[in-house]
Amino acid sequence: MPNDHGQHAARDWAGLPEEEFRLTVRAVLAELLDDHVERWERDGSVPREVWTRLGSLGLLGMGLAADWGGAGADLSRSVAWLTELGRTGYGGFRTAIAVHGYMATRYLSECAERELQDKYLRPSVTGAKIAALAISEPYAGSNLAALTTQAVLEGDAYVISGVKKAVVNGTIADYFVLACRTSTASSSARTGMSLLVVDAALPGISVSPQPTLGWRSAGIATVRFDRVAVPASQLIGRPGGGFFQLVYGLQYERLVAAAAALGGVEFCLELLAHRLRTWRVQDRRLADFQAVRHRYAVLATEAAAARELVARASRGFDSSQLPVAECSMAKAFTTELASRAADAFLQLHGSDGYDEDSVGARLLRDSRAATIAAGPTEVMYDLIAGALLD
Ligand SMILES: Cc1cc2nc3c(=O)[nH]c(=O)nc-3n(C[C@H](O)[C@H](O)[C@H](O)COP(=O)(O)OP(=O)(O)OC[C@H]3O[C@@H](n4cnc5c(N)ncnc54)[C@H](O)[C@@H]3O)c2cc1C
């Protein structure tokens, strides 16, 4: 609810009934994005005051425990929040917040020592520090085992050299959760990889904005590390534990990506329904043409299926088994559906949809990012087949 100053205050987000939660955060986001978000898209990142505003509302720590100022909510509440972020219709904004709140910080909350958690998680929940996750490299994306960024122990510091690409929030981050090799070349890919927290202001780090087709406000960057020294105490968990931390964390990332993409699909289909009911050709509503009705009906059916897949993947984290197939199915199906829905949206807006600054063009550009980021669809199918057949 807005307070006397017309602003929304922090709430007990975990305690609200789901529908009330959704409607409240929807209003908060609508007010926050309003006519500002187009500027963020042009500027290439979400400005710092938006992070601190979301932090003051308690919305950056939805997935984190109360120990660090988080909402202490269960995973289904995070799924609802991510879906609402997706429903804003801005893939860059939703991804910037999701990477910060659910991907980068997740490794700290799950695997780091208490001291490191205190240093980074609290300010991440308030928005005082912005997080990025730096895993992918120019020649190592879907194949994690090919990572070459090295962190060599010299005295009590790791000295890091390497290049990371496509880093969301890279242009504005205060710290990176970085995947690198910490052991000798003779170690296997599995045992030689570690995660380090690296302050972005350290000497030797250079950040270059990486212009992308979509997700334009996500601050995507290429980040170079040239003999960057970080204290050994910045290691997340134990040396060499990175591969297994990532194998677990990436499943979670895929659920997060799927929930956010689902919100994008809901936004797209809602606007499309309005278009079909109101736009007239040959003196009929678009919604009166069978070819159009069926196209919409198929997408709506698939959206209902996507909702179930996302919910199933979320429930999967309650079991002792890592829900690899469930997360991969949810991610592949929902992100591919978002592309099909955006394609239909653009097509059914005719030449208006093809204008560079149209909603349809943005939806299409943004949807193409999600079928690649956090693991391409083909890799999802490999993982599903592996879980079901091998
Ligand atoms: C918009 C965006 C944001 C991103 N954000 C981040 C981020 O914040 N941090 C980060 O570390 N990384 C990020 N990434 C990187 C992302 O994780 C990688 O792009 C992804 O893992 C694929 O790696 P790659 O780009 O090197 O493609 P490659 O691994 O070279 O693969 C290229 C293509 O080959 C095909 N392919 C790959 N594997 C298989 C297979 N097994 N079977 C069949 N076909 C296959 C797929 O079509 C794939 O797209 C982002 C990417 C994008 C596009």
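Contact here means heavy atoms within 4.5 Å. With that cut-off in hand, take serine 45 in this predicted model. Serine 45 sits in the loop between helix 2 and helix 3. Setting aside residues up to four places away in sequence, serine 45 touches Trp40, Thr171, Ile172, Arg216, Ser217 and Gly219. Its relative accessible area is 16%. Buried means under 20%, so serine 45 is buried.

Step back along the chain to another loop. Aspartate 34 is found between helix 1 and helix 2, the latter spanning 37-43. Here the backbone is worth a look. Aspartate 34 is not a glycine, yet its phi is positive, about 30°. Most residues other than glycine have a negative phi. Aspartate 34 is also exposed, with a relative accessible area of 53%.

Now turn to helix 4. This helix covers residues 75-87, which makes 13 residues. From first C-alpha to last, helix 4 reaches 18 Å. That is close to the 18 Å expected at 1.5 Å a residue. How many of the residues of helix 4 are buried? Eleven of the 13 are, so helix 4 is largely enclosed by the rest of the structure. The buried residues run through Arg77, Ser78, Val79, Ala80, Trp81, Leu82, Thr83, Glu84, Leu85, Gly86 and Arg87. What covers them? The cover includes helix 1 (18-33), helix 3 (48-56) and helix 5 (91-111). Helix 7 (242-278) and helix 8 (290-316) are also part of it. After helix 4 comes glycine 89, with a positive phi near 85°.

Next, the ligand. There are 20 residues around it. Which of them come nearest? They are Ser136, Ser142, Ala166, Glu378 and Asp382. Serine 136 places a polar side-chain atom 2.8 Å from a nitrogen atom of the ligand. Leucine 133 contributes through its backbone: one of its polar backbone atoms is 2.8 Å from a ligand nitrogen atom. Lysine 165 meets an oxygen atom of the ligand instead, with a side-chain N or O atom at 3.0 Å. Taken alone, the ligand exposes 970 Å². The protein buries 66% of that area.

The strands come next. Strand 2 (residues 150-154) and strand 3 (residues 157-167) pair in the antiparallel sense, over five bridges. Two of the bridge partners can be picked out. Glutamine 150 is matched with serine 161 in strand 3. Leucine 153 is matched with tyrosine 158, also in strand 3. The two strands form a hairpin with two residues between them. In that hairpin, glycine 155 takes a positive phi near 65°.

Strand 3 has a further partner. Strand 3 and strand 7 (residues 221-231) pair in the antiparallel sense over eight bridges. One of these links valine 167 to alanine 221 in strand 7. In a regular strand the side chains alternate between the two faces of the sheet. Strand 7 also holds arginine 227. Its phi is near 50°, a positive value in a residue other than glycine. Is arginine 227 buried or exposed? At 52% relative accessibility, arginine 227 counts as exposed.

Move on to helix 7, one of the elements covering helix 4. Leucine 271 has its place in helix 7. With 33% relative accessibility, leucine 271 counts as partly exposed. Leaving aside neighbours within four places in sequence, leucine 271 is in contact with Phe345 and Val359. How far is leucine 271 from arginine 77 of helix 4? Along the sequence, 194 residues separate leucine 271 and arginine 77. In space, their C-alpha atoms are 25 Å apart.

The last stop is serine 358. This residue lies in the loop between helix 10 (350-354) and helix 11 (359-370). Beyond residues up to four places away in sequence, serine 358 touches Asp352 and Gly353. Serine 358 and leucine 346 are twelve residues apart along the chain, and their C-alpha atoms are separated by 8.8 Å. At 12% relative accessibility, serine 358 counts as buried. Serine 45, where the tour began, is buried too, at 16%.

Definitions and conventions
Residues are numbered from 1 along each chain as its sequence is written. This is a predicted model: local features need pLDDT of at least 70, side-chain atom pairs count only at pLDDT 80 or more; totals for chains, interfaces and linings use all residues. Side-chain values use heavy atoms; hydrogens and water are left out. Helices (H or I, at least four residues) and strands (E, at least two) are DSSP runs, numbered from the N terminus. The expected span of a helix is 1.5 Å times one less than its number of residues. Buried means under 20% relative accessible area, exposed over 50%, partly exposed in between (1.4 Å probe, protein chains only). A residue is near a molecule or strand if one of its heavy atoms lies within 4 Å of it. A polar contact is a pair of N or O atoms within 3.5 Å; within protein, one must be able to donate a hydrogen and the other to accept it, and residues adjacent in sequence count only if both atoms are side-chain atoms. Accessible areas come from the Shrake-Rupley method with a 1.4 Å probe; for residues, only the protein chains shown count as cover. Two strands pair if DSSP finds at least two bridges between them.
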